[in-house]
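Welcome, and please take a moment to look over the model below. The notes that follow walk through it topic by topic.

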Amino acid sequence: MTEAPQPAGDNGETHARYTPGTPCWVSLMVHDVAAALDFYGELFDWEFAPGPGRLGPYVRARLDGREVAGIGALPPDRHLPVAWTPYLACDDVDLAAEAVRLCGGTVGVGPLDADAAGRLAIGSDPSGAVFGLWQAAAHVGTAVRGEPGTPAWNELRTFETANVATFYAGLFRYEERRTEDGASGSSGSSEDHVTLCLDGRPVAGIRGLGPALPRDRGPHWMTYFDVIDADGTLDRLVGLGGQVLSPARDTARGRVAVVADPEGARFALLQRAA
């Protein structure tokens, strides 16, 4: 992680509406929805309710009745990676999608209406990392944060940060907080980190991995989920058929592990520092 995630709405507080540019929702598209519901329901104690059906079978995960994330079925005719995708809030998704094109990205889906919930588009940045845009109507986005099983942070993992940070700054009025040159990370090498801020508040991160970026995955967004006990959650994950990609390690912000679900979707677990 690049910076301590402190979005509005920590400590279980619900949102009225997200500031444009803030990650407001995460969604996972899979081949086997029933298996994914079993896995994440057991892992995070999620319950599920039907969501908009515009893009096929889709459900919303809930904690104590509050919406947390979405899981849907991949269209059989689209060869897309199984991955968690963050959605960035916007006031006008049509204008935001046009900005994606003008700034060098591509729009693969939409803009289109998701029933009465809102309007969406799915695109990719110039490096190929996929993200969504969300214009809220009846559905604002994630309704609770700071509790176990809720999204804690979103970080783009890519080759280098400079060009792609310029792309995202062209979409929204992000301020860039860059790790000073020569700062050493846990691996002992110089780190290439940018934190994207809105009104001085960190909302997302970009991590440049250079040649260390996994070739089988390429640039991608990583969603971190809050957990109480990272090591205990890893044991549960393995028992459910998941995979540990990077064992839990202590960082300045807490204990972090990178994992994958049974279909290969990558995400991270964050046990926050006391």
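**A first tour**

Asp199 sits in the loop between strand 11 (192-198) and strand 12 (201-208). Please keep in mind that this is a predicted model. From that loop, the tour moves to backbone features, then to the cores, the salt bridges and a charged patch.

**Backbone features**

- The phi angle of Asp199 is near 55 degrees, a positive value in a residue other than glycine.
- Asp199 is also exposed, with a relative accessible area of 73%.
- Asp64 is another non-glycine residue with a positive phi, here of about 50 degrees.
- You will find Asp64 in the loop between strand 3 and strand 4, and its relative accessible area of 70% makes it exposed.
- A cis peptide bond leads from Gly110 to Pro111, with omega near 5 degrees.
- Pro111 belongs to strand 6, which covers residues 106-114.

**Nonpolar cores**

- In soluble globular proteins, nonpolar side chains tend to be buried together.
- The largest nonpolar core here has 33 residues. Leu28, Tyr40, Phe44, Trp46, Ile71, Trp84 and Phe267 are the ones with the most contacts inside it.
- Several elements each give at least two residues to this core: strand 1 (23-30), helix 1, strand 3 (58-63), strand 4 (66-73), helix 4 (230-239), strand 15 (254-260) and strand 16 (266-272).
- Which element supplies the largest share of this core? That is helix 1, with seven residues.
- There is also a second, separate core of 26 residues, and Leu133, Leu156, Leu198 and Ala204 are included in it.

**Salt bridges**

- The model has 14 salt bridges, and three of the pairs are described here.
- Arg60 and Glu67 meet through their side chains in a salt bridge, with an N to O distance of 3.1 Å.
- Are the two partners of this pair buried or exposed? Arg60 counts as buried at 12% relative accessibility, and Glu67 is buried as well, with a relative accessible area of 15%. Both values fall under 20%, the cut-off for buried, which is why both residues get that label.
- Arg66 pairs with Glu147, and their closest N and O atoms are 3.1 Å apart.
- Because Arg66 lies in strand 4 and Glu147 in the loop between strand 8 (130-136) and strand 9 (151-158), this salt bridge ties together parts that are 81 residues apart in sequence.
- Arg66 counts as partly exposed at 22% relative accessibility, and Glu147 is partly exposed at 22% too.
- Glu176 and Arg178 form a salt bridge in which the closest N and O atoms are 3.9 Å apart.
- Within that pair, Glu176 is partly exposed at 41% relative accessibility, while Arg178 is partly exposed at 37%.
- Through shared partners, salt bridges join Arg60, Arg62 and Glu67 into one network.

**A negative surface patch**

- Which residues form the negative surface patch? They are Asp32, Asp38, Glu42, Asp45, Glu47 and Asp64.
- Glu42 lies in helix 1, which spans residues 33-44. Helix 1 is the element that also gives seven residues to the largest nonpolar core.
- Asp64 is the residue with the positive phi of about 50 degrees, so here a backbone feature and the patch come together at an exposed residue, with 70% relative accessible area.

How values were computed
Residues numbered from 1 in each chain as written. Predicted model: local features only at pLDDT ≥ 70, side-chain atom pairs only at ≥ 80, totals over all residues. Heavy atoms only, no water. Patch = residues over 30% accessible without salt bridge, like charges linked within 9 Å, V, L, I, M, F, W, Y side chains within 5 Å. Areas by Shrake-Rupley, 256 points an atom, 1.4 Å probe, with all protein chains shown as cover. Salt bridge = Lys/Arg side-chain N within 4 Å of Asp/Glu carboxyl O. Lys, Arg positive; Asp, Glu negative; His and termini not counted. Charge placed at Lys NZ, Arg CZ, Asp CG, Glu CD. Helix = DSSP H or I, 4+ residues; strand = E, 2+ residues; numbered from the N terminus. Core = buried A, V, L, I, M, F, W, Y, C linked by side-chain atoms within 4.5 Å. Buried < 20%, exposed > 50% of the residue type's maximum accessible area, 1.4 Å probe, protein only.
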